[in-house]
Amino acid sequence: MATERKKQFKTESKKLLDMMINSIYTHKEIFLRELISNASDAIDKLYYRSLTDDSVTLNRGDYEIRLIPDKEARTLLIRDNGCGMTAEELENNLGTIARSGSMDFKKENESKEDIDIIGQFGVGFYSSFMVADRITVTSRAYGSDSAFCWRSEGVDGYTVEPCEKEGNGTDILLHLREDSENENYSEFLDTYRIRSLVKKYSDYIRYPIRMQVENQKLKEGTGTDGKDPEYETVTEDETLNSMVPLWKKRPSEVTEEEYAAFYRDKFYDYEAPGMTIHFKSEGTATFDSLLFVPQHAPFNYYTKDYEKGIQLYSSGVLIMEKCADLIPDYFGFVRGLVDSADLSLNVSREMLQHDHQVKLIAKTIEKKIKNELAKKLESDREGYEAFWHAFGMQIKFGLYDHYGMNRDVLQDLALFTSSAEKKLVTLKEYVSRMPESQKKIYYACGETVDKIEMLPQTEAAKEKGYEVLYLTDDVDEFVFKILRNYDEKEFVNVCAEDAELSSEEEKEAVKKENEDSADLLNVMKEALGDAVSAVRFTGALKNYPVCLSSEGGLSVEMERVINKMPGASEDKAKAQTVLEINANHPIAAKLKDLSENDRDKLASYAKILYAQARLIGGMSVENPAELSSLICELMV
Ligand code: ADP
């Protein structure tokens, strides 16, 4: 290769390539799966064109992927008669990483060994550099008269030149590396080995993968009529794969490993799926479906870059890579495919949106996913909680979206941390444990469970024997506000004025106390200005001197969330905050004393107590300097 004509790989690709070349990964064999999968995609593309474009006159039976090992030359050729590539495509496709995200993924997981990524995420074409030191790709695009040849010996670049090639498609010629003490590359020239690799990784590929193999055959005319059997070696074509798409098989015929391998390969995950849902639907909508729930959210899942969608096949032909209409947003993490015979191949994205059949399929899929998740929640709590950690946020957004329209689908799938053993519970479980005296579902909000535990109101609710749901995600309280109730029991923030954590008698007593102390409370309210909407005594607190509660629909937590939202308006949302003072705490007597004897000091106390209430509630103090000098005044 003349160096001056060499072109450079893009930086990212170079890194990946370097990783491949120096790989100590033990399952280098996966390169074959990657190349066969590319070949199959290339045939898919052409086949699809032949179905929708009359100028492409090809029959399904014409397609094949062929493997040609050559022991003498130490080469393995992977040939397909698919769409092929133009010179430009060779350059663009093989000079850069096509699998968007694979490098981002690598960055995110820099600490992990490269093993995971190579073996399971799959790195496409470049993985062949794990076994080959020289690669020649000869390709001719369908409908073009000219062919081009891409050559590379690794990181220092590649060349693209015109060349000769009969027929459309792509030949990938790998020159295998020399065997070493630790590595045996020659095995990839062995037909038995190749056959077993195809079976293992590529059995479901829907085009025949063929190879010439030598078989021992009984010589004609021997072995019968008393003649001794004689054998001869014949070379014949063998189709190595069964060609039945995995989703067309019965679930009982497919092993977990096969599902996992299929999932990783098709959906570019580096680990096995958390859940596999394989079913056939008959009736209103007839289709096969194979769906997966990943174990973890993809790194971009909660960003706008993530595109939901399910592959859509029509009788085994891929017609859309990501059909968003098949899956509701709140199950957007589900990957997989649907294969229906009732869809036309020519449907466009726009038409699909209104397609009656697609709507039916989407409904069926939604129901199925819901039922499977509910089943998992019942039968495999640990597994379900792992799911919840990955995608619970999505389910909660789903509950909140569209004014709670999807509550029937989602509300029993949601988990919340509960004061009962600090475990995750469902709303159903919560309600089933409510004591008779409890009429509402109590929750408390805060940054962490520990902070919520320390809230005076949490203590008060627990004191009454009520379970409290601990909400730590920003969206949580909004969800409850939208849902309003569950099983006819209202959701109520323990910090809300209407939490009703006191008995009727207590309430009466406190009411009287508040009336009698109107003057005192007024002075305190004046001292605090707009920071609070009222100051009052409460009987609900046990040990804490003070707490903040809120009146009206907006809690202090919601105020915080709304105001930090991007695009929050200039007019800050403001919760109606009430400073509540524990009527049974010694501080109450002290305040009364001050109200009679030292009103200035009472004002200072109001400010200090308000600051304390904020701290107890897990918030910061608005004016630390003032607080500090107030405390010093008391100390000296
Ligand atoms: P991926 O297959 O994930 O897109 P690869 O690095 O394996 O990534 O391949 C890059 C691109 O090169 C493919 O997307 C495809 O466009 C093209 N390509 C690879 N192999 C073939 C082939 N045999 N025939 C036609 N195009 C191919």
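**Close-up 1. Buried residues and bend of helix 10.** The buried residues of helix 10 (residues 381–404) are Y384, F387, W388, A390, F391, G392, Q394, I395, K396, G398, L399 and G404; buried means under 20% relative accessible area, with a 1.4 Å probe and protein chains only. Helices (H or I, at least four residues) and strands (E, at least two) are DSSP runs numbered from the N terminus. The model is predicted: local features need pLDDT of at least 70, side-chain atom pairs count only at pLDDT 80 or more, and totals for chains, interfaces and linings use all residues. Residues are numbered from 1 along each chain as its sequence is written, and side-chain values use heavy atoms, with hydrogens and water left out. The buried residues of helix 10 pack against strand 10, helix 9, helix 11 (407–410), strand 14 (416–418), strand 15 (424–425) and helix 15 (474–483), where contact means heavy atoms within 4.5 Å. At F391, helix 10 bends by about 70 degrees, the angle between axes fitted to the seven residues ending there and the seven starting there. The end C-alpha atoms of this 24-residue helix are only 25 Å apart, short of the 34 Å that a straight helix would reach; the expected span is 1.5 Å times one less than the number of residues.

**Close-up 2. The open sheet of 5 strands.** The strand order is 9-10-13-11-12, with mixed pairing; two strands pair if DSSP finds at least two bridges between them. Strand 9 (275–281) and strand 12 (317–323) are the edge strands, each pairing on one side only. From one strand to the next, the twist averages 15 degrees. Strands 9 and 10 (residues 287–293) run antiparallel and are joined by 7 bridges. F279 has S289 in strand 10 as its bridge partner.

**Close-up 3. Helices packed on the sheet.** Helix 7 (residues 256–267) touches strand 9, strand 10, strand 11 (310–314) and strand 13 (335–340), and its direction makes about 85 degrees with that of strand 10. Helix 9 (residues 356–379) touches strand 9, strand 10 and strand 13, at about 135 degrees to the direction of strand 9. Axes are lines fitted to C-alpha atoms, for helices over the stretch in contact, and angles run from 0 to 180 degrees between N-to-C directions. Among the buried residues of helix 7 are Y259, F262 and Y263.

**Close-up 4. The loop between helix 7 and strand 9.** Y268, which follows helix 7, has a positive phi, near 50 degrees. P273 lies in this loop and is buried, with a relative accessible area of 14%. Leaving aside neighbours within four places in sequence, P273 is in contact with A260, Y263, F292, V293 and Q295.

Key. Buried < 20%, exposed > 50% of the residue type's maximum accessible area, 1.4 Å probe, protein only.
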